[in-house]
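This report walks through a single protein chain, going from its overall build to its sheet, its interior and a few local details. Please keep the sequence and the structure in view while reading.

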Amino acid sequence: MADTEKTIREIRINPIVPSESVLVATARSMRPKKAEEPLARDTRAHVDTCPFCRGNEGMTPPAIAAYPEGGDWDIRIVQNLYPVLGDDRENPALTFGLQQTIDGYGRHEVIIDHHSHGIAIKEMSETHLARLFSVYRERMQQLYTSNKRLRYVFVFKNYGPAAGASIAHTHSQIIAMPVVPDNVQDEVENSRRFYQKHQRCIFCSLIDEALTFEATLYDRESGEIRRKIDVGQFVVERGQKFIAIKPFASRFEWELHILPLAHQSDFLAATPEDIADLARVLRRTMARLDAVLGNAQYNYFLHSLPHGTDCSDCNASYHWHLEICPRTSIPSGFELGSGLFVNTISPEAAAARLRAVRID
Ligand SMILES: [Zn+2]
Ligand SMILES: [Zn+2]
Ligand SMILES: [Zn+2]
């Protein structure tokens with residue numbers, strides 16, 4: 001890390017969800033967490049025993065959909081063998097004293113992202129990535145219309161055992177659930193409150209703010225100014241329609257958010273042109289992360305406006321986004337117990353390192 005970077009020790013308040021704050025503590029001695037090792041790359045294109053590889057379709061439940069249909073699919077959706085929520089039986093909700101349950105009704109599906117077993121996001125073509133996000137959108141739409149009880153369709157990806165992936169073959173998951181997850185609900189409610197006060201989307205305001213700063217890139221060895229650029233210090237990647245930002249109050253060292261530049265509340269409203277640019281920004285962002293972190297284990301997930309919400313403002317106040325969380329350290333008891341996450345790299349320094357990576 002460059003000497004010019006001063007030590008920071010401060011609690012930063014998440015502007016979207018103020019109850020989520022983070023302790024940014026960058027002193028060298030401040031190493032309260034155990035590092036998570038980068039994963040050894042498995043670059044094999046095909047593994048005979050892998051249920052997600054082409055030719056092994058018999059090892060998974062039948063396909064819900066395959067793209068293209070027929071033999072040589074590139075993307076395939078199957079039911080999860082061990083679903084966390086299911087629609088096989090419906091139980092009534094239960095309330096007894098302080099014990100309250102909601103039926104675990106829902107769907108849990110796996111999207112096999114690519115036929116090639118060990119391919120990384122940065123190695124997928126942008127056309128393929130765009131197709132993958134179109135598949136997410138199509139399946140989300142189908143699930144929302146399939147049953148009115150489904151309140152949220154959650155799309156996410158786990159990569160690496162530290163991120164919860166139990167199968168090495170690249171894949172994403174969809175969980176359609178009867179409740180809106182708290183993380184999304186908090187964002188929806190807080191951004192709505194901001195909107196009612198300022199008549200503005202807080203995410204749009206954040207993007208404007210990020211683009212207002214100026215940044216200077218230093219050569220890490222000589223310390224000389226290499227380039228002055230007029231994008232913000234929290235901006236990592238910018239496309240025609242999307243921007244990748246390192247949040248000012250990031251809970252995780254290398255956490256990044258990708259947002260549409262033009263206001264849009266619901267991922268389902270994204271056009272094919274939007275998705276093509278998202279694919280480009282995501283591929284380049286993942287290439288930057290891999291260049292800095294090695295083969296990082298990570299999660300990414302979509303936060304989009306829940307359906308069936310009784311909120312006339314929310315189309316104007318909420319702004320969908322993709323959150324990417326590389327898992328570079330194991331949360332400590334302090335973090336889990338207090339809810340105060342410790343970030344040992346300042347978000348502006350992390351953004352500068354990611355920006356400095358040269359991408360083709
Ligand atoms: Zn495989
Ligand atoms: Zn917005
Ligand atoms: Zn979010």
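Two strands are said to pair if DSSP finds at least two bridges between them. With that in mind, one bridge partnership can be picked out at once: Gln 79 has Glu 109, in β8, as its bridge partner.

## Model and confidence

The structure is a predicted model, and its mean pLDDT is 90, with 94% of the residues reaching 70 or more. Among the elements of the protein, the lowest mean pLDDT, 69, belongs to strand β12 (residues 225-229), whereas strand β15 (residues 256-260) has the highest, 98. Where pLDDT is low, the predicted coordinates should not be read in detail.

## Overall build

The secondary structure of the protein comes to seven helices and 19 strands. Along its principal axes, the C-alpha trace spans about 60 × 50 × 40 Å. A compact globule of 360 residues would have a radius of gyration near 21 Å, and the protein agrees with this, having 21 Å.

Of the 360 residues in the protein, 39% are buried. Among contacts with a separation of 6 or more, 70% are made by residues 24 or more positions apart.

## The ten-stranded sheet

In which order do the ten strands of the open sheet stand? The order is β4-β5-β8-β10-β9-β16-β17-β15-β14-β13, and the pairing is antiparallel. The strands β4 (63-67) and β13 (235-238) stand at the edges with a single partner strand each, so one side of each is left without a neighbour in the sheet. Neighbouring strands of this sheet are turned against each other by 20 degrees on average, direction ignored.

In a regular strand the side chains alternate between the two faces of the sheet.

## Strand β8 and its two partners

Strand β8 (residues 107-112) is mostly covered, five of its six residues being buried. On one side, strand β5 (residues 75-79) is joined to β8 by four bridges, and the two strands run antiparallel. Within this pairing, Arg 76 has Ile 112 of β8 as its bridge partner, while Gln 79 is matched with Glu 109.

The other pairing of β8 is with strand β10 (residues 171-177), again in the antiparallel sense, over six bridges. Here Arg 107 stands opposite Ala 176 in β10.

## Strand β17 and its two partners

Is strand β17 (residues 321-326) largely enclosed or left open by the rest of the structure? Five of its six residues are buried, so β17 is largely enclosed. Six bridges join strand β16 (residues 298-303) to β17 in an antiparallel arrangement, and one of the bridge partnerships links His 303 with His 321 in β17.

Strand β15 is also antiparallel to β17, and three bridges join these two strands. Ile 258 stands opposite Leu 322 in β17.

## Interior

The largest nonpolar core has 79 residues, and the members that touch the most others are Phe 133, Val 153, Ile 245, Ile 258, Leu 278 and Leu 282. Ile 258 is thus both a core residue of this kind and the residue opposite Leu 322 in β17. Phe 133, leaving aside its neighbours within four places in sequence, is in contact with Ile 275, Leu 278 and Ala 279.

Helix α7 (residues 347-355) has eight of its nine residues buried, so this helix is largely enclosed by the rest of the structure. The buried residues of α7 include Pro 347, Leu 354 and four alanines, Ala 349, Ala 350, Ala 351 and Ala 352, together with the arginines Arg 353 and Arg 355.

## Local details in the loops

Most residues other than glycine have a negative phi, and most peptide bonds are trans. Against that background, the peptide bond from Tyr 67 to Pro 68 is cis, with omega near -15 degrees, and Pro 68 has its place in the loop between β4 and β5. Gln 199, a residue other than glycine, has a positive phi near 55 degrees. Gln 199 lies in the loop between α2 (182-198) and α3 (202-212) and counts as exposed, with 10 C-beta neighbours inside 10 Å.

Glu 37 is placed in the loop between β3 (34-35) and β4. Because 12 other C-beta atoms lie within 10 Å, and a residue with 12 or fewer is called exposed, Glu 37 is exposed. Glu 37 and Ala 163 are 126 residues apart in sequence, and their C-alpha atoms are 12 Å apart in space.

Definitions and conventions:
Residues numbered from 1 in each chain as written. Chains lettered and ligands numbered in written order. Predicted model: local features only at pLDDT ≥ 70, side-chain atom pairs only at ≥ 80, totals over all residues. pLDDT = per-residue confidence, 0-100. Buried ≥ 20, exposed ≤ 12 C-beta atoms within 10 Å, placed from the backbone. Axes fitted to C-alpha atoms, helices over the stretch in contact; angles between N-to-C directions. Core = buried A, V, L, I, M, F, W, Y, C linked by C-beta atoms within 7 Å. Contact = placed C-beta atoms within 7 Å. Rg over C-alpha atoms; globule rule 2.2 N^0.38 Å.
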